[in-house]
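Visitor: I'd like a close look at just one part of this model. Could you walk me through it and then show me how it fits with its surroundings?

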Amino acid sequence: MSGSPFSSARRYAIVFGAAVLAVAIAAPAVATPALADDAVPEKIKDKVQVCNSCHGAKGAPMSATTPVIWGQQQNYLVKQIHDYRAKDRNNPIMSAIAGGVTQEDTRPLAAYFAAQPWPATPGANPSAPPPDSIAAKLGQCQACHQKNFEGGAPAPRLAGLSYQYLAASMKAFADGTRTNNLDMPKIMQALTETERDAMAKYLAGL
Ligand code: HEC
Ligand code: HEC
C-alpha cells in the first residue's frame with residue numbers, strides 16, 4: 001500500500017469537489033437549453049457548431065449514417081479524430097473535417113462531447129434481452145464494450161447507435177475497409193452477415 005490515508009482522502013475531496021462543480025456547471029445548461037452554448041469553451045465554440053450541424057445540436061444526428069458523439073467515450077473520440085486526420089480511418093467527410101482540427105483542439109473537443117448526455121432514443125429498451133441466436137456471441141463483446149454496451153476505457157459505446165451506422169461499421173471492419181483496430185476485423189469476420197445484422201438491430205434498440 002502506498003500513500004497515506006490523508007492523501008487519498010484529500011484526493012477524494014478534490015475529485016468529489018470537481019464532480020460537484022461539474023454538476024453545478026452542467027445543471028443550468030440542461031435546464032435552460034438557451035444557455036447551453038455558454039458551457040462550450042470559447043476556444044472550440046466555432047468547431048463545436050460545425051460538428052453539431054451534422055452530429056446534432058442536442059446530440060441526435062441529422063442522419064442515420066452519422067453516429068452519435070454526445071456521451072461517447074472520450075478516449076475513443078480522441079482516437080477517431082486522430083485516425084480520420086491521419087486517414088487510418090478514411091471517410092471523405094470526416095477525414096476532411098478532422099484535417100481542420102488541430103492536435104491541440106482534439107482533446108478539448110473530445111472532452112466536451114464525451115461530457116454531454118447520450119441522446120434519448122424513443123422506444124429504446126436498455127434492458128431488453130438479446131435474441132437467443134446471438135446471445136452467446138454478444139456476451140463476448142461485453143469484455144470490451146462493457147456490460148450494458150455503454151463502452152468504457154477499452155472500447156466505445158454501442159448501445160443506441162443507429163442500426164444503419166452499426167451495420168455499416170461492422171461490415172467495414174469485416175470487409176477490410178476499416179482497419180484502425182487489430183481485433184475488430186477478426187471478430188467481425190468470424191460472424192455471418194445475418195449475425196452481424198441481428199447484432200446491429202439489437203444494439204440499436206438498447
Ligand atoms: C458534414 C457532416 C459532418 C460534420 C460537419 C462532422 N461530422 Fe463527424 N461524422 C460524420 C459522418 C457521416 C460520420 C461517419 C463516418 C464514417 O462512417 O466513418 C462521422 C463520424 C464521426 C466520428 C466517429 C464516431 C464513431 O462512433 O466512430 C467522430 C468522433 C466525429 N465524427 C467527430 C466529429 C467532430 C468532432 C466534428 C466537428 C469538428 C464532426 N465530427 C463534424 C459527419 C460529420
Ligand atoms: C477485444 C476487445 C473487443 C471485443 C471483444 C469487441 N470489440 Fe468492438 N471494438 C473494440 C474497439 C477497441 C473498438 C474501437 C476501434 C477503433 O479504434 O476504431 C471497437 C469498435 C466497434 C464498433 C464501431 C463503433 C463505432 O462507433 O464506430 C462496433 C460496431 C463494434 N466494435 C462491435 C462489436 C461487437 C458487435 C462485438 C462482439 C461480436 C465486438 N465489437 C467485440 C474492441 C472490441
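Visitor: What covers the buried residues of helix 9?

Guide: Keep in mind that this is a predicted model. The cover over the buried residues of helix 9 includes helix 6 and helix 7. Let's start with helix 9 itself: twelve residues, 193–204, reaching 16 Å from the first C-alpha to the last, close to the 16 Å expected at 1.5 Å a residue. Its buried residues are Met199, Ala200, Tyr202, Leu203 and Ala204. As a rule, an α-helix has 3.6 residues a turn, so residues three or four places apart point the same way.

Now follow the two covering helices, because helix 6 and helix 7 turn up again around ligand 2, where helix 6 (132–145), helix 7 (163–174) and helix 8 (183–189) are the elements giving two or more residues to the shell. Helix 6 provides the largest share there, with six residues. Out of 21 residues around ligand 2, the nearest are Cys141, Cys144, Ala155, Ser169 and Asn181. Sorted by class, that shell holds 13 nonpolar, five polar and three charged residues.

For a side-by-side view, hop over to ligand 1, which also has 21 residues around it, with Cys51, Cys54, Pro67, Gln80 and Asn91 coming nearest. Here helix 2 (45–55), helix 3 (74–86) and helix 4 (92–99) each supply at least two residues of the shell, and helix 2 has the largest share, six residues. The class split is 13 nonpolar, seven polar and one charged.

Terms used. Residues numbered from 1 in each chain as written. Chains lettered and ligands numbered in written order. Predicted model: local features only at pLDDT ≥ 70, side-chain atom pairs only at ≥ 80, totals over all residues. Near = placed C-beta within 6 Å. Helix = DSSP H or I, 4+ residues; strand = E, 2+ residues; numbered from the N terminus. Nonpolar A, V, L, I, M, F, W, Y, C, P; charged D, E, K, R; others polar. Expected span 1.5 Å × (residues − 1). Buried ≥ 20, exposed ≤ 12 C-beta atoms within 10 Å, placed from the backbone. Contact = placed C-beta atoms within 7 Å.
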